[in-house]
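The following exercises concern a protein model and are to be worked through with the sequence and structure in view. Each task is followed by a solution in steps.

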Amino acid sequence: MAVTLRLSGEVARLEMRWEASVEAQIRSAQQRGEFDNLPGAGKPLAGRGLPYDESWWIKSFLEREQIPSDLLLPTPLLLRRRIEQLDDEVRDLPTEQAVRACVADLNAEVLAWLRNPSGPRVVVRPVDADTVVQRWQSNRRAATAPAEPAEAPRSPARRRTWFPFRRRAA
């Protein structure tokens with residue numbers, strides 16, 4: 001019992017020394033002015049008055065570091081989102097081979113997940129490269145096609161009839 005009292009007394013003395021050391025460092029930093037003009041000084045704490053959220057630190061980290069929240073999704077949902085946004089991803093690619101390479105990379109990720117699925121059970125299938133290339137080509141043609149010319153003004157000499165199939169009396 002005397003040994004435990006002696007150890008607890010030594011621990012208490014070490015804690016007091018450590019606290020005194022920390023307090024001394026804080027006091028000297030205050031005297032040097034290192035705590036003056038800190039960002040947010042004098043402003044209320046963010047989120048004060050809101051209900052407690054267990055994942056507040058994750059949300060604040062994502063917002064502060066500007067990380068897209070999509071990265072928190074499980075793998076099958078990420079893959080489905082990539083498949084949905086594939087047309088936007090390949091829109092600016094210069095060649096058909098580049099489009100096929102992008103689709104091949106996505107299909108490799110899908111097949112890797114299908115071999116060893118994890119996360120929720122969501123249907124994810126590989127993408128058909130030919131259909132993506134056809135959509136890519138049609139989008140490129142639509143983007144490079146010249147705009148249709150405006151309707152030419154009609155000459156006042158020609159008068160349209162209300163019934164275009166009406167035969168005129170001779």
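**Exercise 1.** Determine which residues line the largest pocket of this predicted model, and state how the lining divides by class.

*Solution.* Step 1: the lining of the largest pocket consists of A46, G47, R48, L50, P51, Y52, D53, W56 and S60. Step 2: sorted by class, this lining comprises five nonpolar, two polar and two charged residues. Step 3: the volume of the largest pocket is about 230 Å³.

**Exercise 2.** Describe how helix 3 is oriented relative to helix 5, and identify the residues through which they meet.

*Solution.* Step 1: the axes of helix 3 (residues 75-84) and helix 5 come within 11 Å and cross at roughly 155°. Step 2: angles over 145 degrees count as roughly antiparallel, and helix 3 is therefore roughly antiparallel to helix 5. Step 3: the crossing of these two helices is left-handed. Step 4: helix 3 contributes T75, P76, L79, R82 and I83, which meet L106, E109, V110 and W113 of helix 5. Step 5: this contact contains six nonpolar residues, one polar residue and two charged residues.

**Exercise 3.** Describe how helix 5 is oriented relative to helix 6, and give the handedness of their crossing.

*Solution.* Step 1: helix 5 spans residues 96-115 and helix 6 spans residues 129-144; their axes come within 10 Å and cross at roughly 135°. Step 2: because of this angle, helix 5 is oblique to helix 6. Step 3: helix 5 and helix 6 cross in a right-handed manner. Step 4: on helix 5 the contact involves E96, V99, R100 and V103, and on helix 6 it involves A129, D130, V132, V133, W136 and Q137. Step 5: six nonpolar, one polar and three charged residues make up this contact.

Methods. Residues numbered from 1 in each chain as written. Predicted model: local features only at pLDDT ≥ 70, side-chain atom pairs only at ≥ 80, totals over all residues. Heavy atoms only, no water. Axes fitted to C-alpha atoms, helices over the stretch in contact; angles between N-to-C directions. Helix = DSSP H or I, 4+ residues; strand = E, 2+ residues; numbered from the N terminus. Parallel < 35°, antiparallel > 145°, perpendicular 65-115°, else oblique. Left-handed = near helix turned anticlockwise from the far one by under 90°. Contact = heavy atoms within 4.5 Å. Nonpolar A, V, L, I, M, F, W, Y, C, P; charged D, E, K, R; others polar. 1 Å grid on protein atoms, 1.4 Å probe; cavity = no way out; pocket = protein on both sides within 12 Å on 5 of 7 lines; lining within 4 Å. Points joined across faces, edges and corners; volume = space filled by probe spheres on them.
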